[in-house]
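Got the model loaded in your viewer? Let's walk through it one selection at a time.

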Amino acid sequence: MSVILNALKHRQTPAQQKQGYTWSTAHRPSRGFPAKILVVGLSAFALASGLGAVWMLASKRPVVIKTAVAPTPQVKPIERNFEQEASQAFERADYKTSIELFKQALIKSPEDATLLNNLGLAFVKNGQLPEAESSFFKAVASDSGCSSCYNNLGDLEMRRGSLDDAELYYQKATKSDPNYADPHFNLGVLYEKMVDTESAIGSYETFLALSKDRKSPIVRQVRNRLKKLQTEQG
């Protein structure tokens, strides 16, 4: 402010006189500065101060306000149901694909007797009997009460013509699950091959007693076969 007041004390320039500023130090009133001069000075100071403030603001670096960013939610991938896919491939007779999918399912559950048994069946359908036998044995080792596993091992021995071994596995299947009808049917077929009509009749009768679906084609076939055997025996 003192700089402005000192500047006002100097003689006005011709240019200033043309603008109406005729005041000089020789005629300055004793009561103080003229109001016009004071206003002009204060305005100049305010302008200078304003420019200075603008320069200070312009020279400062911008302040970056960091906002918290919500983490992107992780989408859990959908887990494949290999067992279901393998069963579907089996149903459409794509046994090679079924085998690979059952193997994938076994990676997660390597001792699952059901998966091992189904893998064995896929091997059988694909003509890989040694692999099927190995899979059935693993299933039995994991679950000694797997009646369907014993039944499938009996089927393998029937394919090989080893009737005694087949009978042994079928009998194990009936003991593991007395309500399981399939091995009784297989025993009936086995005993017919062994020309043991009485044992065949007994096995077929047990099969019919345990069968839940009385109208299935296999049940009708067994009934007809049983009548024929009973007639021949009679």
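## First stop: a serine and its neighbours

Select serine 211 and show its side chain: that side chain reaches the backbone oxygen of phenylalanine 207 at 2.7 Å. Keep in mind as you click around that this is a predicted model. Serine 211 sits in the loop between H11 and helix H12 (217-233). Is serine 211 buried or exposed? Its relative accessible area is 9%, so serine 211 is buried, the cut-off for that label being under 20%. Leaving out residues up to four places away in sequence, add Ala181 and Val219 to your selection, since serine 211 touches both.

## Next: the aromatic cluster

Stay with phenylalanine 207 and bring up two more rings: Phe185, Tyr204 and Phe207 form one aromatic cluster. The structure has three aromatic pairs in total. For the pair of phenylalanine 185 and tyrosine 204, the ring centres are 6.3 Å apart and the planes meet at 50°, so this pair is tilted. Phenylalanine 185 is in helix H10 and tyrosine 204 in helix H11, so the pair ties together parts 19 residues apart in sequence.

Now colour by accessibility. Phenylalanine 185 comes out as partly exposed, at 23% relative accessibility, while tyrosine 204 is buried, with a relative accessible area of 3%.

Swap the partner and look at phenylalanine 185 with phenylalanine 207: here the centres are 5.5 Å apart and the planes are at 50°, so this pair is tilted as well. Again helix H10 supplies phenylalanine 185 and helix H11 the partner, phenylalanine 207, so this pair ties together parts that are 22 residues apart in sequence. Phenylalanine 207 is buried, with a relative accessible area of 4%.

## Two loops with an unusual phi

Pull up a Ramachandran plot for this stop. As background, most residues other than glycine have a negative phi. Go to valine 195, in the loop between helix H10 (182-193) and helix H11 (197-210). Its phi is near 55°, a positive value in a residue other than glycine. At 70% relative accessibility, valine 195 counts as exposed.

Then jump back along the chain to alanine 93, in the loop between H4 and H5. Phi of alanine 93 is near 70°, also positive and also in a residue other than glycine. Alanine 93 is partly exposed, with 45% relative accessibility.

## The largest nonpolar core

Time for some side-chain packing. In soluble globular proteins, nonpolar side chains tend to be buried together. How many residues does the largest nonpolar core have here? It has 25, and the ones with the most contacts inside it are Phe102, Leu119, Ala132, Phe136, Leu153 and Leu156. Select those six and show them as spheres.

To see where the core comes from, colour helix H4 (82-91), helix H5 (95-108), helix H6 (113-125), helix H7 (129-142), helix H8 (147-160) and helix H9 (163-176): each supplies at least two residues of this core. H6 gives the most, with seven residues.

Zoom in on alanine 132. Setting aside neighbours within four places in sequence, alanine 132 is in contact with Gly120, Phe123, Val124 and Leu156.

There is also a second, separate core, made of 16 residues, among them Met158, Ala200, Leu226 and Leu229.

## The disulfide

Select the sulfur atoms next. Which two cysteines are joined? Cysteine 146 is linked to cysteine 149 by a disulfide, with an S to S distance of 2.1 Å. A search of the whole structure finds one disulfide. Set up a dihedral about the S-S bond of cysteine 146 and cysteine 149 and you should get about 65°, so the disulfide is right-handed. Cysteine 146 is buried at a relative accessible area of 10%, and cysteine 149 is buried too, at 0%.

## Last stop: zoom out

Clear the selections and switch to cartoon. The protein chain comes to twelve helices and zero strands. Buried residues make up 29% of its 234 residues. Of the contacts with a separation of 6 or more, 39% are between residues 24 or more positions apart. Finally, turn on a surface: the protein chain exposes about 16200 Å², and carbon and sulfur atoms supply 55% of that.

Technical notes: Residues are numbered from 1 along each chain as its sequence is written. This is a predicted model: local features need pLDDT of at least 70, side-chain atom pairs count only at pLDDT 80 or more; totals for chains, interfaces and linings use all residues. Side-chain values use heavy atoms; hydrogens and water are left out. A nonpolar core is a set of buried Ala, Val, Leu, Ile, Met, Phe, Trp, Tyr and Cys residues joined through side-chain atoms within 4.5 Å. Buried means under 20% relative accessible area, exposed over 50%, partly exposed in between (1.4 Å probe, protein chains only). Helices (H or I, at least four residues) and strands (E, at least two) are DSSP runs, numbered from the N terminus. Contact means heavy atoms within 4.5 Å. A disulfide is a pair of cysteine sulfur atoms within 2.5 Å. Rings of Phe, Tyr and Trp (its six-membered ring) pair if their centres lie within 6.5 Å; planes under 30 degrees apart count as stacked, over 60 as edge-to-face and the rest as tilted. A polar contact is a pair of N or O atoms within 3.5 Å; within protein, one must be able to donate a hydrogen and the other to accept it, and residues adjacent in sequence count only if both atoms are side-chain atoms. Accessible areas come from the Shrake-Rupley method with a 1.4 Å probe; for residues, only the protein chains shown count as cover.
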